[in-house]
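The following exercises concern the fold, the sheet and the aromatic contacts of one protein chain. Each task is followed by a solution in steps.

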Amino acid sequence: MYSDVSSCNTYNYGDALYWDARYVQEAESFDWYQRYASLRPFVRRYIPTSSRVLMVGCGNALMSEDMVDDGYENIMNVDISSVAIDLMRRKYEHMPQLNYMEMDVRDMSFFPDESFDAVIDKGTLDSLMCGSDAPISAARMLGEVSRLLKPRGIYMLITYGDPKVRMPHLTRSIYSWNIVLYAIPRPGFKKPAGSSSNSHLEPVPITETGLLPADFVLDDPDSHFIYVCKKMDETTDLSNISSHPLIADAS
C-alpha cells in the first residue's frame, strides 16, 4: 500500500484542526475537483434518487444541495470539521433532505451495519492519503464504507488517484467490490483542436491487474477518476453490472 507523497504538500489533510482553520478563513462554498453537473450522469446511473446516501467529507460543498435539487431525498453528510458542520447545519436547516454530523470517516460506528444504499467520496480518501499513517487511515475508512453499504450498494470515489495508487486500496478481497472505472477531464480542460477524443461517459479499460492498459491515453493527463465500487453479495449477478456508455443528461 502506498501514500500519495508526490501529490501532497506539507499540510496534514487528515487533521481536523487544519480543516477547522481553513473553513473559518474560507466560508464560501467550494466543491473539490468537480461540480455535480459534471458528475450527474454517473450519480444518476448508479444511485437511484430514493437511495439513502452518505456523503463523506462533505466540507462546505454544494454537491448535496445540488443532488436534492435533482430529486435525491435523503443525504447524510459527515465531516471531521466541527466548523464546516455547524456552518452547513445552519445553511440547510430549511432542507429536511440534508442532515449533518461531525464525524471522523475512520470511525463511523455511530451508524449500524448496512445503513446506506450509497456512499459518495469527493476527495476525502485523497485527503487521508496525504495525512499521517496514510495506508492505515485509508484501510480504516474503506473498511467503514464497506461495513455501512447495503449489499449491492455503491461506493462512488471521485479522486485524482489513478489505478496504480488507488486499486491496491480498493481491491482488497474483504470489501467484495466490483469496480467500474471512468476518467473525467478537469473542469475547463480543452482538448487540442483536431485531436481524437475518448468519451468520458464510457468506462475506462483496466487490465486484469487493475491498471490502465499501456497504450491507453487520457484526453487530459491530469484527469479525475471515478471509481464505481459495487458491493457484491452471494446473489449478485455480475452480468447486471453496467459497463455501457452513459448519456450526458441521464434522467
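Axes are lines fitted to C-alpha atoms, for helices over the stretch in contact, and angles run from 0 to 180 degrees between N-to-C directions. The model is predicted, so local features need pLDDT of at least 70 and side-chain atom pairs count only at pLDDT 80 or more, while totals for chains, interfaces and linings use all residues. Residues are numbered from 1 along each chain as its sequence is written, and side-chain values use heavy atoms, with hydrogens and water left out.

**Exercise 1. Describe the overall fold.**

Step 1. Identify the elements: helices (H or I, at least four residues) and strands (E, at least two) are DSSP runs, numbered from the N terminus. The chain has 7 helices and 7 strands, and their order along the sequence is α-α-β-α-β-α-β-β-α-α-β-α-β-β.

Step 2. Assess burial, where buried means under 20% relative accessible area, exposed over 50%, and partly exposed in between (1.4 Å probe, protein chains only). Of the 251 residues in the chain, 49% are buried.

Step 3. Assess contacts, defined as heavy atoms within 4.5 Å. Among contacts in the chain with a separation of 6 or more, 74% come from residues 24 or more positions apart.

**Exercise 2. Establish the strand order and the pairing in the sheet.**

Step 1. Apply the criterion that two strands pair if DSSP finds at least two bridges between them. The 7 strands form an open sheet of mixed pairing, in the order S3-S2-S1-S4-S5-S7-S6.

Step 2. Locate the edges. Strand S3 (98-102) and strand S6 (177-184) each have a single partner strand, so one side of each is left without a neighbour in the sheet. From one strand to the next, the twist averages 15°.

Step 3. Examine strand S5 (residues 149-159). S5 pairs with strand S4 (residues 116-122) in the parallel sense over 6 bridges; Ala118 stands opposite Ile154 in S5, and Phe116 has Leu149 as its bridge partner. With strand S7 (residues 224-231), S5 pairs in the antiparallel sense, also over 6 bridges, and there Thr159 stands opposite Phe225.

Step 4. Check the cover of S5: 8 of its 11 residues are buried.

**Exercise 3. Place helix H4 relative to the sheet.**

Step 1. Helix H4 (residues 82-91) lies across strand S2 (74-79) and S3.

Step 2. The helix runs at about 155° to S3.

**Exercise 4. Which geometry does the ring pair of Phe42 and Tyr182 have?**

Step 1. Rings of Phe, Tyr and Trp (its six-membered ring) pair if their centres lie within 6.5 Å; planes under 30 degrees apart count as stacked, over 60 as edge-to-face and the rest as tilted. The whole structure contains 9 aromatic pairs.

Step 2. Phe42 and Tyr182 are 5.0 Å apart centre to centre with 65° between the planes, an edge-to-face pair. Phe42 belongs to helix H2 (residues 36-46) and Tyr182 to strand S6, so the pair ties together parts that are 140 residues apart in sequence.

Step 3. Phe42 is buried at 0% relative accessible area, and Tyr182 is buried at 0% as well. Phe42, Tyr46 and Tyr182 form one aromatic cluster.

**Exercise 5. Find charges that sit over aromatic rings.**

Step 1. The criterion is that NZ of Lys or CZ of Arg is within 6 Å of the ring centre and within 35 degrees of the ring normal.

Step 2. Arg45 lies over the face of Tyr46, at 5.4 Å from the ring centre. Arg166 lies over the face of Tyr160, at 5.5 Å from the ring centre.
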